[in-house]
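Here are my notes on the model, set out as numbered points. Please read them with the structure open.

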Amino acid sequence: MKENDSAIPASKQQKLLWRLLGFAAPYKQQLLFALAIAVLSSVLIPLRPRLIKYGIDNYIVKNDFSGLLYLSAGIVVLIVLHGVMQYMLSIYMQRVGQRILFDIRQRVFNHIYTLPTRYFDTTPVGRLVTRVTNDVEALNELFTSGVVMIISDALVLVWIVVFMITINWKLALVTVMVVPVLLYAAVLFRAKVRTVYGKIRVEIARMNSFLGEYVNGMQTVQLFNRQQAQSRRFDAINQKHTELQIQSITYYAVFFPVVELLSSVAICLVLFYSVGLSGQHEISAGTLIAFVIYAEMFFRPIRDLTEKYNTLQSAVTASERIFEVLDEA
């Protein structure tokens, strides 16, 4: 791995991801089934506020206890159904994901023993072990939940917007007014995280290279009594890697509160705008409560998608190292 590459270019990231997803091709039918479950599950989440609105406006306001009881039972059924779907999706994707990882690990191992002897003279054994174990394991979350859940979160966002528009398009516009600010923050966050992950990638490469040289040359190091000097070199690399990891954590620690703040701003905008609409009798109590729930719910998938970006970055970095071995003639 070249240590002077601070970050993988976006075009190369896309190629690596598409090539990586090629390992999932034999399990296309299983993945389509999981995707179908995710699609059905995504509509159940934003459906609940719509039912709550209906219950308030049609049963609570009119003191219709029997109707409210039936609606409450329906909401409980939806919650249970959503829980069952999430359980099925989690178990199913874990099984499919582990099979894909098995195939990748076997493919890398089978390719290693076909390489010429000269390759092993210049490549530390520890680096090859890392490719088969740690790097393949870094793809775990991508295949067990990442791809399907990214699609699911995107669909949840779409359904939330659809339900808000069908209830009250004016309040829907008010709710999404903060989205441009959120998009700007997300783009800025993505750029910062991508840069720091590129630097982390360089430090990991330096660390692997140093450990390979140090372990292989242990007799020479001990012969010339250079243990302390080598320890200081490793300490410097380790310290830099730790600082970069803390920096990446700091970006997440700043971005997530920003998302929560924008969610609160959206709720406040809905409440202030509702004052004028209630005076004109254009909004009901159920609509107001539903939009407060939707405003809070709208930002959860965005936060989850941001976390999935971390998963994608880790997978891209690991896949580049894996494909370096697989591309070796």
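1. Start with a cut-off. A residue is called buried when its relative accessible area is under 20%, and exposed when that value is over 50%. Lys 53 has a relative accessible area of 18%, so Lys 53 is buried. Bear in mind throughout that this is a predicted model.

2. Lys 53 sits in helix α2, which covers residues 28-60. What does Lys 53 touch, beyond residues up to four places away in sequence? The partners are Ile 167, Gly 286, Thr 287 and Ala 290. Ile 167 falls within α6 (140-167), and the other three fall within α11 (285-297).

3. Val 39 is also a residue of α2. With a relative accessibility of 36%, Val 39 is partly exposed. Its C-alpha lies 25 Å from that of Val 259, and 220 residues separate the two in sequence.

4. Now the loop between α2 and α3, where Asn 63 is found. Is Asn 63 buried or exposed? Its relative accessibility is 70%, so Asn 63 counts as exposed. Check the backbone here as well. Phi of Asn 63 is near 55°, a positive value, and the residue is not a glycine.

5. Next, the packing of α3 against α12. Helix α12 runs over residues 299-326. The two axes come within 9 Å of each other. They cross at roughly 35°, and the crossing is left-handed. On the α3 side, the contact is made by Arg 107, Val 108, His 111 and Ile 112. On the α12 side, Ile 322, Val 325 and Leu 326 take part. Sorted by class, this contact has 5 nonpolar residues, 1 polar and 1 charged.

6. His 111 deserves its own point. This residue belongs to α3, which spans residues 65-112. Outside the four places on either side in sequence, His 111 touches Val 325, Leu 326 and Glu 328. With Glu 328 there is a polar pairing: a polar side-chain atom of His 111 lies 2.8 Å from the backbone oxygen of Glu 328.

7. Which residues have the most contacts inside the largest nonpolar core? They are Ile 160, Met 164, Phe 291, Tyr 294, Phe 298 and Phe 299. This core has 36 residues. The elements giving two or more residues to this core are α6, α7 (169-175), α8 (179-216), α10, α11 and α12. Helix α10 gives the most, with 9 residues.

8. Phe 299 shows how such a residue is placed. Setting aside neighbours within four places in sequence, Phe 299 is in contact with Val 178, Leu 182, Val 259, Leu 262, Ser 263 and Ala 266. There is also a second, separate core, of 26 residues. Among its members are Ala 24, Val 96, Leu 115 and Leu 139.

9. Ser 248 lies in α10, which covers residues 227-279. Its relative accessibility is 3%, so Ser 248 counts as buried. Where does the side chain of Ser 248 reach? It reaches the backbone oxygen of Gln 245, at 2.6 Å. Beyond four places in sequence, Ser 248 is in contact with Val 196 and Ile 200. The C-alpha of Ile 322 is 24 Å from that of Ser 248, with the two residues 74 apart along the chain.

10. Tyr 273 is another residue of α10. A relative accessibility of 35% makes Tyr 273 partly exposed. Leaving out residues up to four places away, Tyr 273 touches Lys 170, Leu 171 and Val 174. Its C-alpha and that of Lys 53 are separated by 18 Å. Along the chain, these two residues are 220 apart.

11. Finish with Met 207 in α8. At 15% relative accessibility, Met 207 is buried. Which residues does Met 207 contact, leaving aside neighbours within four places in sequence? They are Phe 234, Ile 237, Asn 238 and His 241. The C-alpha atoms of Met 207 and Asn 238 are 7.4 Å apart, and the two residues are 31 apart along the chain.

Notes:
Residues numbered from 1 in each chain as written. Predicted model: local features only at pLDDT ≥ 70, side-chain atom pairs only at ≥ 80, totals over all residues. Heavy atoms only, no water. Helix = DSSP H or I, 4+ residues; strand = E, 2+ residues; numbered from the N terminus. Buried < 20%, exposed > 50% of the residue type's maximum accessible area, 1.4 Å probe, protein only. Contact = heavy atoms within 4.5 Å. Polar contact = N/O pair within 3.5 Å; in protein donor to acceptor, adjacent residues only side chain to side chain. Axes fitted to C-alpha atoms, helices over the stretch in contact; angles between N-to-C directions. Left-handed = near helix turned anticlockwise from the far one by under 90°. Nonpolar A, V, L, I, M, F, W, Y, C, P; charged D, E, K, R; others polar. Core = buried A, V, L, I, M, F, W, Y, C linked by side-chain atoms within 4.5 Å.
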